[in-house]
Amino acid sequence: MAGSNRVQFLHRTGHPSISICEVAKEEQADLIIVRSHERGIVDRALLGSVAHGVLHRSHIHVLVVRK
């Protein structure tokens with residue numbers, strides 16, 4: 001099947017946004033896709049946001065998808 005090797009799913013442990021950016025760099029990814037949980041301001045302030053962390057750490061394009 002043409003293009004079937006273009007998407008990979010990996011499982012790593014560690015801080016999510018840091019791990020995502022590290023793997024993207026190691027794998028020479030073209031794009032990172034993350035899902036936004038659409039939490040409120042209070043939740044983001046207390047819990048942080050993986051999508052927000054990836055957006056600020058990544059050196060490649062990031063696509064944030066709503067549910």
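**Ser 58.** I started with Ser 58 and found it in the loop between α3 (50–57) and β2 (61–66). The model is a predicted one. I asked whether Ser 58 counts as buried or exposed. Its relative accessibility is 15%, so Ser 58 counts as buried, the cut-off being under 20%. I then looked up what the side chain of Ser 58 reaches. I found the backbone oxygen of Ile 60 at 2.9 Å. Leaving aside neighbours within four places in sequence, I noted Cys 21 and Ile 32 as contacts of Ser 58.

**Helix α3.** Next I took the helix that comes before this loop. I listed the buried residues of α3 as Ala 51, Gly 53 and Val 54. Looking down the axis of α3, I saw that these buried residues fall within an arc of 160 degrees, so they line one face of the helix. As a reminder to myself, an α-helix has 3.6 residues a turn, so residues three or four places apart point the same way. I also checked which elements the buried residues of α3 pack against. They are α1 (16–26), β1 (31–36) and β2.

**Helix α1.** I went on to α1, where I noted Ser 17, Ser 19, Cys 21, Val 23 and Ala 24 as buried. The buried residues of α1 pack against β1 and α3. After α1 comes Gln 28, and I recorded its phi as positive, near 55 degrees.

**Ser 17.** I picked Ser 17, which lies in helix α1. With a relative accessibility of 1%, Ser 17 counts as buried. I looked for a partner of its side chain and found a polar contact of 3.2 Å with the side chain of His 15. Not counting residues up to four places away in sequence, I found Ser 17 touching Val 50, Gly 53, Val 54 and Arg 57. Of these, I had already entered Gly 53 and Val 54 as buried residues of α3.

**Salt bridge.** How many salt bridges does the structure hold? I counted 1. I found it between the side chains of Arg 12 and Glu 26, at 3.2 Å from N to O. The pair links distant parts of the chain, with Arg 12 in the segment before α1 and Glu 26 in helix α1, 14 residues apart. I checked Arg 12 for exposure and recorded a relative accessible area of 45%, so Arg 12 is partly exposed.

**Nonpolar patch.** I turned to the surface and asked which residues make the nonpolar patch. They are Leu 31, Ile 33, Leu 63 and Val 65, and the patch comes to about 330 Å². The elements that give two or more residues to the patch are β1 and β2. I looked up Val 65 and found it in strand β2. At 34% relative accessibility, I entered Val 65 as partly exposed.

**Whole chain.** I closed with the totals. I counted 3 helices and 2 strands in the protein, and along the sequence I read the pattern α-β-α-α-β. Of the 67 residues, 18% count as buried. Among contacts between residues at least 6 apart in sequence, I found that 70% join residues at least 24 apart. I put the accessible surface at about 5900 Å², with 54% of this area belonging to carbon and sulfur atoms.

Note on methods: Residues numbered from 1 in each chain as written. Predicted model: local features only at pLDDT ≥ 70, side-chain atom pairs only at ≥ 80, totals over all residues. Heavy atoms only, no water. Helix = DSSP H or I, 4+ residues; strand = E, 2+ residues; numbered from the N terminus. Buried < 20%, exposed > 50% of the residue type's maximum accessible area, 1.4 Å probe, protein only. Contact = heavy atoms within 4.5 Å. Areas by Shrake-Rupley, 256 points an atom, 1.4 Å probe, with all protein chains shown as cover. Polar contact = N/O pair within 3.5 Å; in protein donor to acceptor, adjacent residues only side chain to side chain. Arc of directions from axis to C-beta. Salt bridge = Lys/Arg side-chain N within 4 Å of Asp/Glu carboxyl O. Patch = residues over 30% accessible without salt bridge, like charges linked within 9 Å, V, L, I, M, F, W, Y side chains within 5 Å.
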